[in-house]
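Subject: Structure for your review

Hello,

Please find the structure below, with the sequence. My notes on what turned up follow it.

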Protein chains: 2
Amino acid sequence: MKILITGGGGFVGARLARSLLARGCLSNRSLSQLVLADQVAPPADLIADTRVQARVGTLLDQCAALRDESFDGVFHLASAVSGECELDFDLGLRSNLDSTRALLDALRARVAQGDAPPRLVFSSSVAVYGPDAAVPMPAVVSDTTLPTPQTSYGMHKLVCEHLVADYTRKGYVDGRCARLMTVTVRPGKPNGAASSFFSGIIREPLAGVESVCPVGPEVAHPVSSPQRTVEGLIAVFEASRQAYGGRTALNLPALNVTVAQMLAALESVAGPAVRSRVRFERDERVAGIVANWPTGARADRAAALGLLPEASFEDIIRQYIADCAANPAALKGLNS
Amino acid sequence: MKILITGGGGFVGARLARSLLARGCLSNRSLSQLVLADQVAPPADLIADTRVQARVGTLLDQCAALRDESFDGVFHLASAVSGECELDFDLGLRSNLDSTRALLDALRARVAQGDAPPRLVFSSSVAVYGPDAAVPMPAVVSDTTLPTPQTSYGMHKLVCEHLVADYTRKGYVDGRCARLMTVTVRPGKPNGAASSFFSGIIREPLAGVESVCPVGPEVAHPVSSPQRTVEGLIAVFEASRQAYGGRTALNLPALNVTVAQMLAALESVAGPAVRSRVRFERDERVAGIVANWPTGARADRAAALGLLPEASFEDIIRQYIADCAANPAALKGLNS
């Protein structure tokens, strides 16, 4: 079985790759080749695996060559993030809309040449939801809430969901769209996503670094750990069409928490000294974007697939600490 | 005031053009120039008006030149229709998605050069709605019903709604999206739309021609007359942003009727001999598409703008008969 992960050099993509390689199979078939396409090279441990092939470059440029190659499955994670898209409208259209269309057309070209429609999981986002003057957003969104995106990123994700649904209806791919919750705790540096602080306020204090929270402690948000997110993507890939149900996107499981609850969990797991490294300083740009996001999410279709959120945010922090076992610098603040 | 109508050579576009020329103004400003862009030339009466400029060619080809021209307002009606899009996937993507994107980018380029964001009305469609295994469709759809399109045409319309909403949010256009109900009675020949028979079963018998209805008499559908449709587009253009409300699309008013009610109205207005020229012969392709359309629609936001549907289908037939006054052949069956 030959699988493509777009965005395979990114955090979620690389973690998904590791999970697939560790399993060695997908949908009861042996994983023989894993192609990781990204603008950046994947981590060294992935490149070292003989089943892995890394392709570095923009997805849009790579799609022409994909017409000459068969894949059994695709995880399409590559995306410009919300902050980037707000700052550079054309970059967002190119990276998110044009690339997805080119990918779908490359897969369709293979089907026209006799390939079976490849199974495809598109990573959409909770950012498709937002409040509109004509359509109030419920506090907790569900699989059937009307999405009215309030960022370009959210619009791109929603548009791509509908492209995937129509290419699926036509038999060009066997597509499924899973809306990711905000993934936390992400390692490394802050990225351009407006949601970046949902990781920063945990990651930086654990590393012994001060962190600024750009929104108030009352802000609530649906989050998920990296591991549950990856498990969700795999489960959606492996689900039968009947179990997946319809062609509309589904929400992956969410743990609905406030910033205050996240920080209380941090104190509970890591102690008051770590917690004290977070201070509040409102950033109007970020706060404005986040104010338009839902404060919680339900994931009924995912639950029917057996997917559940973490039991507590403490569990999410403990997962991050366990992930950092080989990287003492990331936990310098915990032990000081 | 300089206005562009894409699809200005088509039936709704030409009727809209006539209405605007007859009014002589829009949003309390005098109409000085009306550009009609279409693949076909507009009718002779429109070309004869000195305010009209016809541009014949595909919209996609015309959009580059639109970057050098200022418009105060745009009615974007150009579209490949549902039947065409099901038969030619690439044509649909090009005509409906790529053209709308190119149009929006041309308007945005003007704003970048200092133009005020032009007001734009995009004609979306009731075809955005459909049943999905995961999201049952209500019998009567409303402004807030979750659209899950079941045709490429419906997908294109929904995607363009969200493009217009995001370009509007960014200040690149002042966009509004109005979902047209099925417009009937259309004059002329059947077109490639799966909904074409909703006009054919009235138009052909009135012209003395046999007509085949490809779906059963129990099929219900939301329809609107050409005149109410045009009035709706103008009202949506003229509405303040506050009155329009939000950035999501709204439904134009619908008269919800069954095929049986349409034929009873035909008999009531035109007599049993005319009615008897319609026979039922199921067409699986058309019936399959129509089965996924809503059987009725509400239009609460349009009603708040003062827009209401016709009182009866008899009124719609009488409007068509009045429109045909100058064309006796169209009513040959009525007087025979």
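The model is predicted. Chain A has an average pLDDT of 96, and 100% of its residues score at least 70. For the complex, the predictor reports an ipTM of 0.95 and a pTM of 0.96.

**Assembly**

A turn of 180° with a shift of 0.0 Å along the axis lays chain A on chain B, at an RMSD of 0.0 Å. The two copies are thus related as by a two-fold rotation axis. Between them, 22 residues of chain A contact 22 residues of chain B. On the chain A side, the most is given by helix α6 (residues 152-169), which supplies six residues. By type, that side of chain A divides into nine nonpolar, seven polar and six charged residues. The copies meet through the same surface, because 100% of the interface residues of chain A are also interface residues in chain B.

**Helices**

I looked at α6 in chain B as well. Helix α6 of chain B (residues 152-169) has 18 residues, and its first and last C-alpha atoms are 26 Å apart, close to the 26 Å expected at 1.5 Å a residue. Of those 18 residues, 17 are buried, and α6(B) is mostly covered. Just after α6(B), B:Gly171 has a positive phi of about 85°.

Helix α1 of chain A (residues 11-23) passes the length check too: its 13 residues should span 18 Å at 1.5 Å a residue, and the end C-alpha atoms are 18 Å apart. Its buried residues are A:Val12, A:Gly13, A:Ala14, A:Leu16, A:Ala17 and A:Leu20. A glycine with positive phi follows here as well: A:Gly24, just after α1(A), at about 80°.

**Strands**

Strand β9 of chain A (residues 174-180) is largely enclosed by the rest of the structure, because six of its seven residues are buried. β9(A) runs parallel to strand β7 (residues 119-125) of chain A, and seven bridges join the two. One bridge in this pair sets A:Phe122 against A:Cys177 of β9(A). β9(A) also pairs with strand β13 (residues 250-251) of chain A, again in the parallel sense, over two bridges. There A:Arg179 stands opposite A:Asn251 of β13(A).

Chain A also has an open sheet of three strands in the order β10-β12-β14, with mixed pairing. The edges are β10 (182-183) and β14 (255-258); each has a single partner strand, so one side of each is left without a neighbour in the sheet. The pairing of β10(A) with strand β12 (residues 220-224) is parallel and covers two bridges. In this pair, A:Thr182 is opposite A:Val223 of β12(A).

**Two buried leucines**

Which residues does A:Leu233 touch beyond its sequence neighbours? Leaving out residues up to four places away in sequence, they are A:Leu16, A:Phe75, A:Val121, A:Ser123 and A:Ala178. A:Leu233 lies in helix α8 (residues 226-238) of chain A. With 26 other C-beta atoms within 10 Å, where 20 or more count as buried, A:Leu233 is buried. A:Ser123 is 110 residues away from A:Leu233 along the chain, yet their C-alpha atoms are separated by 7.8 Å.

In chain B, B:Leu250 belongs to strand β13 (residues 250-251). B:Leu250 is likewise buried, with 26 other C-beta atoms within 10 Å. On the same sequence exclusion, B:Leu250 touches B:Asp143, B:Ala178, B:Arg179, B:Arg301 and B:Ala302.

**Backbone points to check**

Most residues other than glycine have a negative phi, and most peptide bonds are trans. The following depart from that.

- The peptide bond from A:Thr184 to A:Val185 is cis, with omega near 15°. A:Val185 sits in the loop between β10 and α7 (197-206) of chain A.
- In chain B, a cis peptide bond joins B:Thr184 and B:Val185, with omega about 15°. B:Val185 is in the loop between β10 (182-183) and α7 (197-206) of chain B.
- B:Ser27, not a glycine, has a positive phi of about 50°. Its place is the loop between β2 (25-26) and β3 (29-30) of chain B, and B:Ser27 is partly exposed, with 14 other C-beta atoms within 10 Å.
- B:Asn28, also not a glycine, has a positive phi of about 65°. B:Asn28 lies in the loop between β2 and β3 of chain B and counts as exposed, with 7 C-beta neighbours inside 10 Å.

Regards

Note on methods. Residues are numbered from 1 along each chain as its sequence is written. Chains are lettered from A and ligands numbered from 1 in the order in which they are written. This is a predicted model: local features need pLDDT of at least 70, side-chain atom pairs count only at pLDDT 80 or more; totals for chains, interfaces and linings use all residues. Two residues are in contact if their C-beta atoms, placed from the backbone, lie within 7 Å. Helices (H or I, at least four residues) and strands (E, at least two) are DSSP runs, numbered from the N terminus. Ala, Val, Leu, Ile, Met, Phe, Trp, Tyr, Cys and Pro count as nonpolar, Asp, Glu, Lys and Arg as charged, and the others, Gly among them, as polar. Two strands pair if DSSP finds at least two bridges between them. Copies are superposed by least squares on the C-alpha atoms of residues with pLDDT of at least 70 in both. The expected span of a helix is 1.5 Å times one less than its number of residues. A residue is buried if 20 or more other C-beta atoms lie within 10 Å of its own, exposed if 12 or fewer, and partly exposed in between; C-beta atoms are placed from the backbone. pLDDT is the predictor's confidence in each residue, from 0 to 100.
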